[in-house]
Amino acid sequence: MNISAKKQKPVALCAFLTGNKLCNKLLTRQLMRVSGIVVILLSTTFGVLIAKPGRGQDMSTEKVSIGLRYESLISGLEKIERQTSLRFFYRKADVKALKSLNLPFRVRTVQETLNELLHNTFFSFRQIDGNILLERNNQQTGYLIDGRVIDINKQGLPFATVSLIQLDINKTIQTVQTDTSGNFKLAASKKGDYLVKIYALGMDSLSVSLTLADNKVIQLPDITLTTSSTKLKEVIVTASRPLIKQEIDRLTYNVQSDPEKDILSVLDLLRKVPMVSVTGDDKIEVKGNTNFRVLINGRPSSLIANNPSDVFRTMPANTIQSIEVITNPPSKYDAEGIAGIINVITNKKIEQGYNASLGTSYNTLNQRGVSGSLTLKSNKIGINGFFGSNWQDSPSSTFKNSQLGTSFINTLSTEQGVMTNSRNALYGNVEISYEIDSLNLITGTLGLNNNKNLQESDQFFSLMNSQRVIEQSYHIDYSGKDHTQGKDLGLNYQLGFPGKKDQFLTASYKYNESNYTENNGRIATERFNYLENDRGQFNKSGAKEQTIQLDYVHPFKSLNIEGGAKAILRDNYSDFSYKSFVPGSEDDVSNNTLNSFKYSNNVYGFYNSYHLKFKKWGVKAGMRLEITTINADFISVNSKVDRTYSNFIPTVVFQRNFGSQSNLTLGYTQRIQRPGITQLNPFENKSNTLYWETGNPDLLPVLNHNFELTYSNSKKGSLNLSVNYLFANNSVQEVAALGKDSVTRYTYQNIGKNDDLGFNLSFSYPIATGFTVNANGRISYLWLNGTSNGHFASNRGFKGNTNVSFSKFLEKYDFRISLDFGTNSPEIYLQGKSRSSYNSSLSLNKKFFNKSLSLSASVSNPFERYRNWYTRFTTPDFVSDYNFRNNFRRFNFSVNYKFGGLKSAIKKNKRGINNDDYLK
């Protein structure tokens, strides 16, 4: 090896040491230059380190329009600098490893852009005057692992699951999902051997071994997943989402986790939801009470304003995402509705692309229906909608009612006959969302519904004296039709705040309108001592409702504070008339009866609530003030109501968590039951000769107290147990009194006192692979006390319901068979009691074409062709019996087809209008 060396000439320092003057001058100049540069650098650095933000462009408000596609962090910073006067300071060696970044193109603030770019890295940033300093966190001594998952076409694979496993302890320390471009970031705190495991639905899983040593930032090569050769078992998918979830203020039933969703209607599915039951005559109850509020996607809808059972009976369950049962509503909800709120969620998680479904159904009770849904997202616009239409020509039903006087008169009146009913309905709802940027979101809603009904009956009336000799009898040919139209319009604006995703301000406006027309006639034939004229009844009524609402949510580390204000403005009207006709002709006579009224009901609400969250405990408490004004003008009877009252409504709920899968919840709230139009209208409805109805304008609102204790466990399957106690001291009761003219008059009074102590049980358990049992039941003891027509009345007893279902899935054939059985105890009223009932069904479901096409067949109530519904009312003056029989057994068939493809999620408004009060 040859080594050579060359002697150099002396330069500055050597000249200085040797006394060379020329060298000394050169040295002095160089030292001065270096010193100046050092002073400038030290001053700048010190100023940057200690300076506070000053005036100029602010990164929290200054906006840029940028996007990245597999680019480096440095490239992103340069794009920001080109659009602003802000400049970045950083160590290039620290940031050069951050490559292959993806950022959707849109307008953001500089701060929002940096938050997204530096998410899940070890870097922080701060602004100093017009400069932004990027720093590696000193306290962060861990490792950053950056990677990308692709398919065989080299396209990024979104929503793949990536887990980081520390091998020495064989423990998963972090699990993340890839973004829409397939990128992921993982973090580890110490050196060692690790395993990165990647898996996605329908793909073969893959593992990558990794050793972390000196290099703090690891860039993995692209990881390719291939399509799986084996089919993912369904039990794996459904097990990840519990059927029932108990939160601090509500219980959520995840319909999409119910294996029978493709077979049942929404009404049938409600029998399985905890604390909800469906009676023998298809009335929905919450905790045994029919006074509650139903919402669609958190908003009131004219679609279900009158009779939700009719709509839910024809709506397929697979169009529903989940059902929330809110029995202790927090202060942000209106106080109306004794038992609480049922919130039906149809909104899907809107994603890029589209997804749609179409379905049709038929049953042997002459009911046909079609339905569909659409989810669509294109860039910043998202659309979510559903529609449905159904027609039914019901087979004839029979009825027989009788009333026996037992005191001052001893007459027996009866009415019996046959009726048929035809109906058709059309409904639709669409929600459109537009994301202006990451902090501003606008959502609009539109809903329309149209319902027509035609009813005909042939009735026979008779009146017997105490010797059971007929004193009067006649036949009635009845024909009536009605038409209801409704529309809903809504607009929501949501403002977010930089750096706090759960802090937002929402302003909402909602307009509802419904119009109702009715036209019917009754012609009497075969008259015996019956001198009344024939009658025609005409009614035109409507309601308009406007709601303005403002909500604000401010999160802290363990505390959420909410506050808001709301105004509900309602205007209702009705023009109702009877026309009398000469028997046997169409000539009307002058003794026409009119009933016209105008009714305004405004509710102004203000609320404040606090949600305190700890590791094992949670507390949610609040107060709501509601001011109600009523202005009613019952023109026909020259009666007016002008009333204003206020209510303070407290709510408090405690929750104790036992791990992530079980909890115990204790809550107390008050609820209000306001009298509705029908209950207040003093007009006397005499359309039925023997039974007259009238309202009471002096009714007062009812204040109910509700206590509830709930235990929930979802470790394997789900279990929900609850005990609740509800009482009120001035409840509104419908009462009846028999007059000396043998006419029974019905009205409403604040005369009741009711107590209800109940126990609810609901569970779902996988007995074996693909075999699940579900049960839902309630038993309660009810006390009712009141007075009617000067007589004290009381009633008490047990009331309950059960529903049990078994479901078996044969995975190999994509085939499911289900068996359901339910019972309902007699209903208890202040003056009466009904009979018990039961229901059963057997259902089959088969899926084709990778589960896109679903065929279902079922038989409902195979052991009972007719349903006999019976109710008896007993008073000191009379005994009334009501009997109704309709066709009960039916065979059902349905087809549903799903198609489309989705990729990425869009934001939804976190607050909107919830008119939870109940107007009857």
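# A tour from strand β19 outward

Start by selecting β19: Ser-322, Glu-324 and Ile-326 point one way from the strand, Ile-323 and Val-325 point the other way, and all are buried. Buried here means under 20% relative accessible area, exposed means over 50%, and partly exposed is in between, with a 1.4 Å probe and protein chains only. In a regular strand the side chains alternate between the two faces of the sheet.

This is a predicted model, in which local features need pLDDT of at least 70, side-chain atom pairs count only at pLDDT 80 or more, and totals for chains, interfaces and linings use all residues. Residues are numbered from 1 along each chain as its sequence is written, and side-chain values use heavy atoms, with hydrogens and water left out.

**Stop 1: β19 and its partners**

Select residues 322-326 to show the whole of β19, where five of five residues are buried. Helices (H or I, at least four residues) and strands (E, at least two) are DSSP runs, numbered from the N terminus. Next add residues 251-254, strand β15, which runs antiparallel to β19 and is joined to it by four bridges. Two strands count as paired if DSSP finds at least two bridges between them. Which residue of β19 is the bridge partner of Tyr-253? The partner is Ile-323.

Now add residues 341-345, strand β20. Five bridges join β20 to β19, and these two strands are also antiparallel. Here Val-325 has Ile-342 of β20 as its bridge partner.

**Stop 2: the nonpolar cores**

Keep Ile-323 and Ile-342 selected and add Leu-270, Val-276, Ile-284 and Phe-312: these six have the most contacts inside the largest nonpolar core, which has 33 residues. A nonpolar core is a set of buried Ala, Val, Leu, Ile, Met, Phe, Trp, Tyr and Cys residues joined through side-chain atoms within 4.5 Å. At least two residues of this core come from each of β15, α7 (266-270), β16 (276-278), β17, β18 (293-296), α8 (308-314), β19 and β20. Helix α7 gives the most, with four residues.

Centre the view on Ile-342. Leaving aside neighbours within four places in sequence, Ile-342 is in contact (heavy atoms within 4.5 Å) with Val-276, Ile-284, Val-286, Phe-292, Arg-293, Val-294, Leu-295, Ile-323 and Glu-324. Apart from the largest core lies another, of 24 residues; to find it, select Leu-77, Leu-101, Phe-123 and Ile-132, which are among its members.

**Stop 3: salt bridges**

The structure holds 28 salt bridges. A salt bridge is a side-chain nitrogen of Lys or Arg within 4 Å of a carboxyl oxygen of Asp or Glu. Side chains of opposite charge can pair when their charged atoms come close.

Select Lys-799 and Glu-285, whose side chains meet in a salt bridge at 3.3 Å, N to O. Lys-799 lies in strand β39 (residues 791-810) and Glu-285 in strand β17 (residues 284-286), so the pair ties together parts that are 514 residues apart in sequence. Lys-799 counts as buried because its relative accessibility is 11%, and Glu-285 is buried at 5%.

Then go to Asp-334 and Arg-624, which form a salt bridge at 2.8 Å, N to O. Asp-334 is in the loop between β19 and β20 and Arg-624 is in strand β31 (residues 617-634), so this pair ties together parts 290 residues apart in sequence. Are Asp-334 and Arg-624 buried or exposed? Both are buried.

Arg-624 also meets Glu-626 in a salt bridge (2.8 Å, N to O), and Glu-626 is buried. To see the network of salt bridges that contains these residues, select Asp-334, Glu-336, Lys-566, Arg-624, Glu-626 and Arg-674.

**Stop 4: three loop residues**

Select Gln-661, in the loop between β32 (639-657) and β33 (662-673). Gln-661 is partly exposed, with a relative accessible area of 37%. The C-alpha atoms of Gln-661 and Asn-713 are separated by 5.6 Å, although the two residues are 52 residues apart along the chain. Beyond neighbours within four places in sequence, Gln-661 is in contact with Ser-712, Asn-713, Ser-714 and Lys-715.

Move to Asn-529, in the loop between β27 (500-528) and β28 (534-555). Phi of Asn-529 is near 60°, a positive value in a residue other than glycine. Asn-529 counts as exposed, at 51% relative accessibility.

Finish at Lys-851, in the loop between β42 (837-848) and β43 (853-860). What is phi of Lys-851 near? Phi of Lys-851 is near 70°, again a positive value in a residue other than glycine. Lys-851 is partly exposed, with a relative accessible area of 30%.
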